[in-house]
Amino acid sequence: MRAAFDASPACRYDRLDALRGFAIVWMALFHFGFDLAHFRLIDADFYRDPFWTSQRTAIVSLFLFCAGLGQAVAVAQGQSWRRFWRRWAQVAACALLVSAGSALMFPRTWISFGVLHGIALMLVVCRLSAGWGRWLWPLGLVAILLPQFVQHPFFDTRLTNWVGLVTRKPFTEDWVPLLPWLGVMWWGVAAGHWLLARRPVWLAGGLAPGLQLLARLGRWSLVFYMLHQPVLIGALLAWQALA
C-alpha cells in the first residue's frame, strides 16, 4: 500500500514525496482539530467557518495535484496497466473501508464518496487522458468551473452526487466529487508533463536533511491516511476515559 497512487518506486522523486508528506501532515493536524471539536474539547465550526473550510479545500487540492503529478511520472516511467490496476485496487479498497468506518461513527452523515473514492475514479480518468498534452490545462479549467454554472436535482442523491453537479451540498462528513476536483488532478498531470520535459530538477533535485522525513512519510501516504484517524480518535477516547 506504499503511496498507492504514486509513481513507480524504481525512480523516486523526493521533492514530490516531500510535498505529499507535507499535505498529509497538514491533513492530520486539520483532522485532529476536527476530532477535538467533535468531542467538544474545542469550540470550532468545521462546516461553516471559512478558517476551516478554506483549509479543507487547500488540503484536498494539494492532495489531488500531487496525485496528478504522480500519474505523470508513472506514465513517463512506463507504468504498466497491470501495475496501475494493482495500485488502484488498494485505493478503492481503502475507500470502501472509509465508508464502512464512517457509517459506524456517523450513521446519518457517512462517507459515500470522499477523497479516496474521488481519487480512485479520477486516477482512471487521468490515466486514460494522460496523453492529451496541453489540452489538460483548458479541460481542467472547464471541470473546475462547470459546477458553478450547471446544477440539476438529479445529482442531489447519494447515487448521483459523485458527479458534482448538485443543487445543494450533501450532508456528509467528506465529499470529493468528480467535478470540480478532476480539474485539479488534470492540472497536476499537465504540470507533471511540463516539469518532466522542461524542469525535471524541480522534481528530482535533492532535499535538505530536515525534509527527508517528509519525503519518507509521503511514500507511505495511503497507509498514513488510513491509520491516522483511528489513532487520533483512539488517543482522545483513552485520554477522556483516564481523565
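The lining of the second largest pocket in this predicted model breaks down into nine nonpolar, two polar and six charged residues. That pocket has a volume of about 340 Å³. Its lining takes in 17 residues, and the ones nearest its centre are Phe34, Ala37, His38, Tyr47 and Glu173.

Glu173 turns up again in the largest pocket, where it lies nearest the centre along with Arg56, Ile111, Asp174 and Trp175. The volume here is about 1,300 Å³, and 44 residues make up the lining. Sorted by class, the lining of the largest pocket has 28 nonpolar, 10 polar and six charged residues. Several helices chip in: at least two lining residues each come from H1 (14-38), H2 (50-76), H3 (81-105), H5 (136-149), H6 (178-198) and H9 (221-242). H2 provides the largest share, with seven residues.

Some of these helices also pack against a partner. Take H3, which packs with H4 (residues 115-129) at an angle of about 160°, the two axes being 8 Å apart. Because angles over 145 degrees count as roughly antiparallel, H3 is roughly antiparallel to H4. The crossing of H3 past H4 is left-handed. On the H3 side, the contact is made by Trp81, Phe84, Trp85, Trp88, Val91, Ala92, Cys94, Ala95, Val98 and Ser99. H4 answers with Leu116, His117, Ile119, Ala120, Leu121, Leu123, Val124, Arg127 and Leu128. Counted by class, the residues in this contact between H3 and H4 are 16 nonpolar, two polar and one charged.

The other pairing to look at is H5 with H6. These helices pack at an angle of about 165°, and 7 Å lies between their axes. H5 and H6 are therefore roughly antiparallel to each other, and they cross in a left-handed way. From H5, the residues involved are Leu136, Trp137, Leu139, Gly140, Leu141, Ala143, Ile144, Leu146 and Pro147. They meet Leu179, Pro180, Gly183, Val184, Trp186, Trp187, Val189, Ala190, Ala191 and His193 of H6. The contact of H5 with H6 has 16 nonpolar and three polar residues, with no charged ones. Both H5 and H6 are also among the helices that each supply at least two residues to the lining of the largest pocket.

Methods:
Residues are numbered from 1 along each chain as its sequence is written. This is a predicted model: local features need pLDDT of at least 70, side-chain atom pairs count only at pLDDT 80 or more; totals for chains, interfaces and linings use all residues. Side-chain values use heavy atoms; hydrogens and water are left out. On a 1 Å grid over the protein atoms alone, a cavity is a set of points where a 1.4 Å probe fits but cannot get out, and a pocket is an open set with protein on both sides within 12 Å along at least five of seven lines; lining residues have an atom within 4 Å of a point. Grid points are joined across faces, edges and corners, and a volume is the space filled by probe spheres set on the points. Helices (H or I, at least four residues) and strands (E, at least two) are DSSP runs, numbered from the N terminus. Ala, Val, Leu, Ile, Met, Phe, Trp, Tyr, Cys and Pro count as nonpolar, Asp, Glu, Lys and Arg as charged, and the others, Gly among them, as polar. Axes are lines fitted to C-alpha atoms, for helices over the stretch in contact, and angles run from 0 to 180 degrees between N-to-C directions. Angles under 35 degrees count as roughly parallel, over 145 as roughly antiparallel, 65 to 115 as roughly perpendicular and the rest as oblique. A crossing is left-handed if the near helix is turned anticlockwise from the far one by less than a right angle, and right-handed if clockwise. Contact means heavy atoms within 4.5 Å.
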